[in-house]
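Could you walk me through this one in the viewer? I'd like to know what to select next and what I'll find at each stop.

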Amino acid sequence: MNRMLSILTRLAPAAAAALMPSLAFAHSGGSHVHGLLSGLQHPLAGIDHLLAMLAVGVIAARTGGRAAILMPACFIAAMVAGAVLGTAGIGLPSLESGIALSLVVFGAMVALAKPVPPAFAATLAALFGLFHGNAHGLEIPETVGGMAYAIGFLASTSVLHATGVLAALTLRSRPAAIRAAGIGTSLVGVALTAQLI
């Protein structure tokens with residue numbers, strides 16, 4: 001029974017990624033942006049943002065020490081910078097590819113189950129946070145509702161980072177589950193990249 005559960009835990013993320021007929025990026029334009037509630041829901045609605053935020057938390061917890069705070073903080077700071085660029089109408093080149101690549105890289109880091117140097121983890125977090133933030137910023141309307149939306153997606157992102165940290169700590173005795181989640185995250189990134197080609 002335990003062996004079967006272990007096999008299912010390893011295969012579930014990969015199977016889910018393979019069986020999804022079309023993986024959608026969370027952002028599809030500004031018409032859905034209405035305020036705080038939309039901002040809170042947005043990182044949860046798209047698999048691209050959801051998996052990236054959770055992976056940042058897992059990697060931060062595994063890296064340990066100050067990185068448990070530094071990596072998510074760098075991601076959020078860069079996300080704010082990217083959002084500011086987006087609200088100014090500046091879109092990063094290869095935006096969707098950068099977001100998909102974040103899943104491939106973060107997923108691989110989770111799957112490898114090895115701590116990484118804190119400076120390297122923080123640099124990757126900042127790089128990919130810029131892409132995720134830019135996608136959000138391109139959708140934010142220049143209204144009070146837009147500011148509430150930004151506050152909402154920052155709050156949700158922080159909660160998802162914390163959830164990733166807690167998951168890594170809780171599942172410390174089950175590294176296979178964390179590795180499976182990392183593989184699944186990378187596969188979703190590959191599938192999203194394939195949709196862009």
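Start by selecting S94, which sits in the loop between α4 and α5 (95–112). Helices here (H or I, at least four residues) are DSSP runs, as are strands (E, at least two), and both are numbered from the N terminus. S94 has a phi near 55°, a positive value in a residue other than glycine. With 54% relative accessibility, S94 counts as exposed. For that label, exposed means over 50% relative accessible area, buried means under 20%, and partly exposed is in between (1.4 Å probe, protein chains only).

A quick note before moving on: this is a predicted model, where local features need pLDDT of at least 70 and side-chain atom pairs count only at pLDDT 80 or more, while totals for chains, interfaces and linings use all residues. Residues are numbered from 1 along each chain as its sequence is written, and side-chain values use heavy atoms, with hydrogens and water left out.

Now step back to G89, just after α4, where phi is positive at about 85°. Then hop to A113, in the loop between α5 and α6 (118–137). A113 isn't a glycine either, yet its phi is positive, at about 55°. This residue counts as partly exposed, at 22% relative accessibility.

Next, highlight the whole of helix α4, residues 67–87. How far apart are its end C-alpha atoms? They are 29 Å apart, which agrees with the 30 Å that its 21 residues should span at 1.5 Å a residue. That expected span is 1.5 Å times one less than the number of residues. Color the buried residues of α4: A67, M71, P72, F75, A78, M79, G82, A83 and G86. Look down the axis and these buried residues fall within an arc of 150°, so they line one face of the helix. The arc is taken from the directions from the helix axis to the C-beta atoms. It helps to know that an α-helix has 3.6 residues a turn, so residues three or four places apart point the same way.

While you're in α4, click V84, which lies in this helix. V84 counts as partly exposed, with 48% relative accessibility. Add L138 to the selection: the two C-alpha atoms are separated by 8.7 Å, though the residues are 54 apart along the chain.

Turn to the surface and select L36, L37, L40, M147 and I151, a nonpolar patch with about 480 Å² of accessible area together. Two or more of its residues come from each of α2 (36–45) and α7 (144–170), and α2 gives the most, with three. Patch members have over 30% relative accessible area and no salt bridge; like charges are joined within 9 Å, nonpolar side chains (Val, Leu, Ile, Met, Phe, Trp, Tyr) within 5 Å. A salt bridge is a side-chain nitrogen of Lys or Arg within 4 Å of a carboxyl oxygen of Asp or Glu. Accessible areas come from the Shrake-Rupley method with a 1.4 Å probe, and for residues only the protein chains shown count as cover. Within the patch, I151 is in helix α7 and counts as partly exposed at 49% relative accessibility.

Then go to S186, in helix α8 (residues 175–196). Buried or exposed? S186 counts as buried, at 13% relative accessibility. Leaving out residues up to four places away in sequence, S186 touches L103, V104, G107 and A108, a contact being heavy atoms within 4.5 Å.

Finally, zoom out: the chain has eight helices and zero strands, and buried residues make up 43% of its 197 residues.
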